[in-house]
Amino acid sequence: MTQTAPSSLPFGLTRTKLMRLLKFGTVGGLGFLWDSGTVYALRPAIGLSAATLVAYFVAATLNWLLNRLWTFKGVGLHDHPLLQWLRFLTANSFGFLLNRGTVYTLFYTVPLCVTYPVLALAAGALAGMFANFNLSQKMVFKEKPPQSALELAELSVDVSTSHKNPTSES
């Protein structure tokens, strides 16, 4: 048996990126459990909509911590943990919109999802996972942090800094 060369992995994945994606998915699965558990625990006290919102932040915080310690171990440790957590929440805001947009849409259109919120939560987790992985890798867990707001914006839209106007640099 021969090993797969990095260039032959699908979708341009490297072995490192594939392992991180698998770990990120594992952490996301645990996040789904934390998310669901929090919704079911808080629903009787504060209602389904509020419990769903609070649960996202509980799960996102635990996901950030596990991703910091395991998925992206040793990467991005130059940041203060609180700043990295805030960047994680900010970077994953698009994933949040996909996730909770799916969840609330299902709550309001599929009565079964109100009875069994776990169904909507699972669909939401899948909807946001790949966006969250890519944004976390590009903006949160980096070897070298963005040095400016412009660099952070460029990273978020995947614009290469090599296309800058050479006459504007001194």
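**Helix packing and nonpolar cores in the predicted model**

In this predicted model, the cover over the buried residues of α3 includes α2 (48-71), α4 and α6. The buried residues in question are Gln84, Arg87, Phe88, Leu89 and Ala91. The chain in which these helices are set contains 7 helices and 0 strands, and its elements follow one another along the sequence in the pattern α-α-α-α-α-α-α. Of its 170 residues, 35% count as buried. Among the contacts between residues at least 6 apart in sequence, 66% join residues that are at least 24 apart.

Gln84 illustrates the burial of α3 at the level of a single residue. Gln84 is placed in helix α3 (residues 81-91), and its relative accessibility is 0%, so it counts as buried, the cut-off for that class being under 20%. When residues up to four places away in sequence are not counted, Gln84 touches Trp64, Arg68, Val75, Gly76, Asp79, Val140 and Phe141.

The packing of α3 against α6 is described by an angle of about 140° and a distance of 9 Å between the axes, an angle that makes α3 oblique to α6. The crossing of these two helices is right-handed. On the side of α3 the contact is made by Gln84, Arg87, Phe88 and Ala91, and on the side of α6 by Leu135, Ser136, Met139 and Val140. Divided by class, the residues of this contact comprise 5 nonpolar, 2 polar and 1 charged.

A further pairing involves helix α4 (residues 93-109) and helix α6 (residues 117-140), which pack at an angle of about 165° with their axes 7 Å apart; α4 and α6 are therefore roughly antiparallel to each other. Their crossing is right-handed. From α4, the contact is made by Phe94, Gly95, Phe96, Leu98, Asn99, Arg100, Thr102, Val103, Leu106 and Phe107, whereas the residues contributed by α6 are Pro117, Ala120, Leu121, Ala123, Gly124, Ala125, Ala127, Gly128, Ala131, Asn132 and Leu135. By class, the contact of α4 with α6 has 14 nonpolar, 6 polar and 1 charged residues. Leu135 is named on the α6 side of the contact with α4 and again on the α6 side of the contact with α3.

The largest nonpolar core has 12 residues, namely Leu21, Phe24, Trp64, Phe72, Val75, Phe88, Ala91, Phe133, Leu135, Met139, Val140 and Phe141. At least two residues of this core are supplied by each of α1 (15-46), α3 and α6, and the largest share, 4 residues, comes from α6. Apart from this core lies another, of 8 residues, which includes Val39, Ala55, Cys113 and Ala120.

Several members of the 12-residue core also appear among the contacts described above. Phe88 and Ala91 of α3, together with Leu135, Met139 and Val140 of α6, take part in the contact between these two helices, while Trp64, Val75, Val140 and Phe141 are among the residues touched by Gln84. Phe24, itself a member of this core, is in contact with Asn67, Thr71, Phe72, Met129, Asn132, Phe133 and Ser136 when its neighbours within four places in sequence are left aside. Among these partners, Phe72 and Phe133 belong to the core, Asn132 is listed in the contact of α4 with α6, and Ser136 is listed in the contact of α3 with α6. In the core of 8 residues, Ala120 is one of the members, and this residue is also named on the α6 side of the contact with α4.

Definitions and conventions. Residues numbered from 1 in each chain as written. Predicted model: local features only at pLDDT ≥ 70, side-chain atom pairs only at ≥ 80, totals over all residues. Heavy atoms only, no water. Axes fitted to C-alpha atoms, helices over the stretch in contact; angles between N-to-C directions. Parallel < 35°, antiparallel > 145°, perpendicular 65-115°, else oblique. Left-handed = near helix turned anticlockwise from the far one by under 90°. Contact = heavy atoms within 4.5 Å. Nonpolar A, V, L, I, M, F, W, Y, C, P; charged D, E, K, R; others polar. Buried < 20%, exposed > 50% of the residue type's maximum accessible area, 1.4 Å probe, protein only. Core = buried A, V, L, I, M, F, W, Y, C linked by side-chain atoms within 4.5 Å.
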